[in-house]
Amino acid sequence: GLEERGVSFEWAYAAAPWSGASLATALSARLPSTHGVRTASDRLREDVELLPEALTQHGLQTGAVVSDFRLGSARGFGRGWGAFDSGPALVRDEAS
């Protein structure tokens with residue numbers, strides 16, 4: 001199985017108990033106290049460089065799709081991505 005071919009961790013730690021602060025930490029390599037996202041209404045600080053910004057500056061193509069409105073561009077999470085989609089999923093009605 002996958003566990004035999006991969007790596008298994010018995011413990012994992014997150015920077016915060018909710019996705020916004022943890023994602024901000026993963027994208028910035030900073031703790032919530034320095035990237036600015038502590039609550040669901042907080043915005044990523046503009047002076048904090050994000051991984052997609054660094055990758056794009058080095059010529060790599062980047063893209064992200066998120067489904068949580070709290071992780072969208074309005075809160076700074078779309079910064080640096082070559083393509084970023086945080087809009088609602090479109091449902092096509094085949095009958096029309």
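## Asp42 and the loop between helix 3 and helix 4

D42 is found in the loop between helix 3 and helix 4, and in this predicted model the residue counts as partly exposed because its relative accessibility is 22%, a value that is not under the 20% required for a buried residue. The side chain of D42 reaches back to the backbone at two places: the backbone nitrogen of R38 is reached at 2.8 Å, and the backbone nitrogen of T39 lies 2.7 Å from a polar atom of the D42 side chain.

When neighbours within four places in sequence are left aside, D42 is in contact with G36, V37 and R75. A separate comparison of sequence and space can be made with P17, which is 25 residues apart from D42 in sequence, while the two C-alpha atoms are 15 Å apart.

## A buried histidine in helix 3

H35 has its place in helix 3, which covers residues 32-35. Is H35 buried or exposed? With a relative accessible area of 0%, H35 is buried, since the cut-off for a buried residue is under 20%.

Although H35 is buried, its side chain has polar partners: one is the side chain of T25, with which H35 makes a polar contact at 3.0 Å, and another is the backbone nitrogen of V37, which the H35 side chain reaches at 3.1 Å. Not counting residues up to four places away in sequence, H35 touches A21, A24, T25, S28, R30, R43, L44, R45 and V48.

## Helix 2 and the residue that follows

Helix 2 spans residues 19-28, and within this helix G20, A21, A24, T25, L27 and S28 are buried. The cover over these buried residues includes helix 3 and helix 4. Several of the buried residues of helix 2 have already appeared in the surroundings of H35, for A21, A24, T25 and S28 are among the residues that H35 touches.

Just after helix 2, A29 takes a positive phi of about 60°, and A29 does so although it is not a glycine. A29 is found in the loop between helix 2 and helix 3, and at 71% relative accessibility A29 counts as exposed, because exposed means over 50%.

## Nonpolar side chains inside and at the surface

In soluble globular proteins, nonpolar side chains tend to be buried together. Which residues make up the largest nonpolar core here? That core has 10 residues in all, namely A16, A21, A24, L27, V37, L44, V48, L50, L71 and F77. One of its members, L44, touches A24, H35, V37, L50, R75, G76, F77 and R79 when residues up to four places away in sequence are not counted, and H35 in turn lists L44 among the residues it touches.

At the surface, L51, L55 and L60 make a nonpolar patch of about 240 Å². Of these, L55 is found in helix 4, which runs through residues 51-57, and L55 is partly exposed, with a relative accessible area of 30%.

## Charged pairs

Side chains of opposite charge can pair when their charged atoms come close. How many salt bridges does the structure hold? There are four, and three of them are described here, beginning with the pair R79 and E53, whose closest N and O atoms are 3.0 Å apart. Because R79 lies in the loop between strand 1 (63-65) and strand 2 (83-85), whereas E53 lies in helix 4, the pair ties together parts that are 26 residues apart in sequence. Both R79 and E53 are buried.

Another salt bridge joins R43 to E46, with the closest N and O atoms 2.9 Å apart; here R43 counts as partly exposed at 39% relative accessibility, while E46, at 52%, counts as exposed. A further salt bridge is formed by D68 and R70, whose closest N and O atoms are 3.0 Å apart. In that pair D68 counts as buried at 17% relative accessibility, and R70 counts as partly exposed at 33%.

Methods
Residues numbered from 1 in each chain as written. Predicted model: local features only at pLDDT ≥ 70, side-chain atom pairs only at ≥ 80, totals over all residues. Heavy atoms only, no water. Patch = residues over 30% accessible without salt bridge, like charges linked within 9 Å, V, L, I, M, F, W, Y side chains within 5 Å. Areas by Shrake-Rupley, 256 points an atom, 1.4 Å probe, with all protein chains shown as cover. Salt bridge = Lys/Arg side-chain N within 4 Å of Asp/Glu carboxyl O. Helix = DSSP H or I, 4+ residues; strand = E, 2+ residues; numbered from the N terminus. Buried < 20%, exposed > 50% of the residue type's maximum accessible area, 1.4 Å probe, protein only. Polar contact = N/O pair within 3.5 Å; in protein donor to acceptor, adjacent residues only side chain to side chain. Contact = heavy atoms within 4.5 Å. Core = buried A, V, L, I, M, F, W, Y, C linked by side-chain atoms within 4.5 Å.
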